[in-house]
2 protein chains.
Amino acid sequence: MRVAVLHAPRDVRVEDRPRPTVEAPTDAVVRLAATCVCGSDLWPYRGVEAVDGPSPMGHEYAGVVEEVGSEVTTVRPGDFVVGSFSASDNTCDICRVGYQTHCVDRQPGAATGAQAEYTRVPLADGTLVTTPGMPDDDLVPSLLAASDVLGTGWFGAVAAEVGPGKTVAVVGDGAVGLLGVLAARRLGAERVIAMSRHEPRQRLAREFGATDVVTERGDEGVARIRDMTDGLGAHSVIEAVGTQESMMQAIRATRAGGHVGYVGVSHDVSLPGEELFFSGVHLHGGPAPVRRFLPELIELITNREIDPGRVFDLELPLDQAAEGYAAMDERRAIKTLLRL
Amino acid sequence: MRVAVLHAPRDVRVEDRPRPTVEAPTDAVVRLAATCVCGSDLWPYRGVEAVDGPSPMGHEYAGVVEEVGSEVTTVRPGDFVVGSFSASDNTCDICRVGYQTHCVDRQPGAATGAQAEYTRVPLADGTLVTTPGMPDDDLVPSLLAASDVLGTGWFGAVAAEVGPGKTVAVVGDGAVGLLGVLAARRLGAERVIAMSRHEPRQRLAREFGATDVVTERGDEGVARIRDMTDGLGAHSVIEAVGTQESMMQAIRATRAGGHVGYVGVSHDVSLPGEELFFSGVHLHGGPAPVRRFLPELIELITNREIDPGRVFDLELPLDQAAEGYAAMDERRAIKTLLRL
């Protein structure tokens with residue numbers, strides 16, 4: 001089968017490798033309906049995270065179960081499934097309270113890479129969620145988004161305790177930030193402020209339910225949010241970047257007693273204890289337990305109540321994965337869908 | 001009247017100063033029933049926080065209203081009241097959700113110092129809470145504790161989302177940590193682990209409801225907590241110190257999805273973003289909105305359901321305030337009560 005492999009920074013090649021097979025009795029093999037590039041794939045692509053030899057890439061997947069191990073009971077060959085980038089048993093004490101990314105048995109969800117025709121998914125019973133019947137083709141991008149960026153934006157909104165009557169600010173206008181906007185709106189926020197200076201992303205943010213757009217960032221962005229909230233700050237702020245500047249922007253834009261939900265993977269962030277202490281905010285986040293939200297997200301998508309697949313603004317065949325990475329790296333594309 | 005004044009590090013003098021009077025129409029003047037020294041008073045005492053000229057000390061107070069301004073409506077001369085170290089209007093959007101320490105009109109609660117015979121309290125209507133009738137003398141230490149250390153420990157437990165069925169660890173065995181133990185128990189925790197290596201404090205922790213004591217600290221302390229919780233960490237950890245070591249100990253002792261409530265005033269703390277991100281914990285704390293809890297705490301104390309005044313293990317006349325500081329500084333006393 002074909003799979004995108006990162007050999008070194010900016011060196012993505014699509015190669016032939018053996019089709020993965022069931023290795024453990026709890027495994028499933030999934031034939032992907034489509035695949036995609038994630039913003040977090042850009043860290044090793046840019047060399048910011050080390051690449052340790054040729055690495056099959058991709059961790060977002062949706063498709064049809066091809067084969068299951070002898071102990072798998074909840075999915076069968078022929079089922080259409082969506083999974084998360086993190087495989088979980090979904091039965092341990094940590095999973096049962098909704099933190100499947102921290103499962104005591106956690107493993108990578110797409111063990112053999114997911115920018116590929118097939119992937120092997122460990123702990124299939126705890127990881128995969130079936131769709132009601134075979135979805136229409138046009139729903140595939142949205143189901144693929146549920147596998148990570150939608151689930152992550154959703155967790156950011158939940159971690160930020162978004163709810164009715166609240167003002168929510170979103171730091172970051174990548175796919176996760178934009179889907180944080182969608183989540184905030186669906187979860188009942190009264191006002192959703194997207195922080196973005198890129199016109200196409202602003203437009204998509206408004207489509208997803210942003211009521212306001214703020215183009216300033218850093219301290220100026222914080223001042224604008226405070227101006228818009230009687231000087232108090234937003235009730236909830238979703239942080240979807242992961243840098244020092246974006247974290248401080250999120251904390252400072254939140255009112256005392258308010259909530260920061262941070263889902264941008266932290267890189268070189270150091271939070272000043274005294275400022276955090278006197279801010280009086282709540283801080284929660286981390287790698288999103290997408291599994292917690294998948295049943296609800298799949299239902300919203302298959303009922304056509306949300307259309308998160310709109311974040312894919314570039315579509316290429318898998319063979320052109322390298323161009324898909326480059327377009328995202330250069331911010332020519334928000335997110336690249338790779339057709340198989 | 002007499003008041004304890006800090007002139008320079010380790011130089012506390014009890015001096016005569018004019019009795020405070022009502023300055024603003026929202027002020028009250030309170031005649032203190034007793035006063036005390038707070039762990040946070042030790043920061044300037046030790047010179048860790050700068051002392052900007054002679055400073056009247058103390059911020060914990062309970063006593064009888066002597067005089068009120070023309071706009072004060074909820075308390076009258078003769079009422080016994082308890083207030084917080086932070087004066088608040090109790091009507092703004094921040095107060096109404098229970099974050100009175102971040103009130104848009106916040107001011108120091110004991111404007112003229114509280115290690116004194118009298119103190120002036122601004123925003124009396126929003127700050128002071130009356131007791132049901134005149135309390136018995138033996139309740140005064142507990143009511144005084146409610147003014148800060150009990151309210152702060154209680155907030156730590158609430159911020160750590162303590163509740164039935166949960167395992168709670170408490171980092172710090174000062175008055176706030178010990179009262180965090182009491183709060184955790186009252187709030188229904190199943191297991192309360194006090195982290196302390198001082199025998200008299202361990203004993204008081206057990207009296208307050210600790211089910212276990214851990215003497216290790218730092219990484220060893222974390223390993224012990226994990227051993228006691230199936231390798232997962234505590235559901236809730238109350239941090240009541242404010243140092244880098246204690247914060248990291250608290251974060252690392254908490255399970256993914258669990259809650260750290262931190263109430264030790266941060267000094268030179270810097271939290272590593274990546275570790276925090278992958279920990280999956282909730283973080284909340286800051287200066288405790290004691291006012292939120294005062295009605296409930298006063299009721300528990302006057303009904304003799306809790307006895308937080310047990311944290312006072314040294315009692316001196318106000319004139320010996322200097323010795324009261326020294327005893328706490330040298331850890332000869334947990335907390336000093338100063339009789340007037």
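1. How many bridges join strand E3 (residues 28-36) of chain B to strand E19 (residues 336-339) of chain B, and in which sense do the two strands run? Two bridges join them, and the strands run antiparallel. One pairing to look at is Cys36(B), which stands opposite Leu337(B) in E19(B). Bear in mind throughout that this is a predicted model.

2. E19(B) also pairs with strand E18 (residues 314-317) of chain B. Here the sense is parallel, and the pairing runs over four bridges. Leu316(B) stands opposite Leu338(B) in E19(B). Thus E19(B) is antiparallel to E3(B) and parallel to E18(B).

3. Next, look at the start of chain B. An open sheet of three strands is found there, in the order E2-E1-E4, with antiparallel pairing. Strand E2 (11-16) and strand E4 (55-56) of chain B stand at the edges. Each has a single partner strand, so one side of each is left without a neighbour in the sheet.

4. Within that sheet, strand E1 (residues 2-8) of chain B pairs with E2(B) over six bridges, in the antiparallel sense. Arg2(B) has Asp16(B) as its bridge partner in E2(B). On side chains, a general point helps when viewing the strands. In a regular strand, side chains alternate between the two faces of the sheet.

5. Now the salt bridges. Over all chains the count comes to 54. One of them joins the side chains of Arg2(A) and Asp319(A), at 2.8 Å from N to O. Arg2(A) lies in strand E1 (residues 2-8) of chain A, while Asp319(A) lies in the loop between strand E18 (314-317) and helix H12 (321-329) of chain A, so the pair ties together parts that are 317 residues apart in sequence.

6. What does the interface look like in numbers? In chain A, 32 residues are in contact with 32 residues of chain B. The area buried between the two chains is about 2700 Å², and carbon and sulfur atoms give 65% of that area. The rule finds zero salt bridges across the interface of chain A and chain B. Polar contacts are present: the count between the chains is 13 residue pairs, both residues at pLDDT 80 or more.

7. Which elements of chain A each supply at least two residues of the side that touches chain B? They are helix H2 (93-96), strand E15 (254-262), strand E16 (270-272), helix H10 (273-279) and strand E17 (282-285). H10(A) gives the most, with six residues. By type, the residues on this side of chain A divide into 17 nonpolar, 12 polar and three charged.

8. Strand pairing also crosses between the chains. Three bridges join E17(A) to strand E17 (residues 282-285) of chain B, and the two strands run antiparallel. At this junction Leu283(A) stands opposite Leu283(B) in E17(B).

9. Finally, the symmetry. Chain A can be laid on chain B by a turn of 180 degrees and a shift of 0.0 Å along the axis, with an RMSD of 0.0 Å. The two copies are therefore related as by a two-fold rotation axis. The same surface serves both copies, as 100% of the contact residues of chain A recur in chain B.

Conventions
Residues numbered from 1 in each chain as written. Chains lettered and ligands numbered in written order. Predicted model: local features only at pLDDT ≥ 70, side-chain atom pairs only at ≥ 80, totals over all residues. Heavy atoms only, no water. Contact = heavy atoms within 4.5 Å. Buried area = accessible area lost by both parts, 1.4 Å probe. Salt bridge = Lys/Arg side-chain N within 4 Å of Asp/Glu carboxyl O. Polar contact = N/O pair within 3.5 Å; in protein donor to acceptor, adjacent residues only side chain to side chain. Nonpolar A, V, L, I, M, F, W, Y, C, P; charged D, E, K, R; others polar. Pairing = 2+ DSSP bridges. Least-squares fit on C-alpha atoms with pLDDT ≥ 70 in both.
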